[in-house]
Amino acid sequence: NVSLNDAKREILPSPYFDYQHLDLDSVSLSAHDIIYDQHLIRASVDEFQATECYSGLEVNQLATKFEMEDDLIRVNDLDLRLGNDASLAGQLSMDLNVLDSLHTGFADADLKLCIDSANLYRLVAPYVPTLTKYWEGRKVDLALQGRVTNDSLDLRHLDVNIDQHLELKAE
């Protein structure tokens, strides 16, 4: 098992995915071109698999080129597949300061997300409870491109498809 625990934060109840408290089981990792020094962490992850014990979230496949330099994270060629055929693919770059306050930092995203309601519920419900109750039992496909900076969201592209019956597009 691999565990991460932020003692300053309360643990969310099961089945929610808790970003501050992770307990991974059945971990398998294959990576190459790994660099680690004072200011840089870089790796090409060929394959990562695990099950998060609290939420039951299954990572069936994770492959990416990951780089973290000082407070900047870049994730390129992302291929993430979760249980129940949920997937996330694309690129993401983010200033870690954006996690503490949207007054500083930025996050750029060019992502395609295909997720079922069970995984959506685990990942999002604790943070957006009113929205998730409408998505129960539905298949949601989401593609987005945008940037978060200085308390604003610049969304260049949004494509939402729910149950292949309802589609929302914004450019």
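What share of the contacts in the protein chain with a separation of 6 or more is accounted for by residues 24 or more positions apart? In this predicted model, such residues account for 38% of the contacts in that class. The protein chain comprises three helices and ten strands, and these elements, when read along the sequence, follow the pattern β-β-β-β-β-β-α-β-α-α-β-β-β.

With regard to solvent exposure, 36% of the 171 residues in the protein chain are buried, while the area exposed by the chain comes to about 10,700 Å². Carbon and sulfur atoms supply 53% of that exposed area.

Among the strands, S4, S5 and S6 can be described through the pairings that S5 makes with S4 and with S6. Strand S4, which spans residues 58-69, pairs in the antiparallel sense with strand S5, which spans residues 72-82, and nine bridges are found between the two. Within this pairing, Lys-65 has Asn-76 of S5 as its bridge partner. The two strands form a hairpin with two residues between them, and in the turn Asp-70 adopts a positive phi of about 50°.

Strand S5 also pairs with strand S6 (residues 86-95), again in the antiparallel sense and over nine bridges. Here the bridge partner of Leu-78 is Gly-90, which lies in S6. As a general matter, side chains in a regular strand alternate between the two faces of the sheet. Taken together, the pairings place S5 as a partner of S4 and also of S6, with the bridges Lys-65 to Asn-76 and Leu-78 to Gly-90 as examples from each.

Key: Residues numbered from 1 in each chain as written. Predicted model: local features only at pLDDT ≥ 70, side-chain atom pairs only at ≥ 80, totals over all residues. Heavy atoms only, no water. Pairing = 2+ DSSP bridges. Helix = DSSP H or I, 4+ residues; strand = E, 2+ residues; numbered from the N terminus. Buried < 20%, exposed > 50% of the residue type's maximum accessible area, 1.4 Å probe, protein only. Contact = heavy atoms within 4.5 Å. Areas by Shrake-Rupley, 256 points an atom, 1.4 Å probe, with all protein chains shown as cover.
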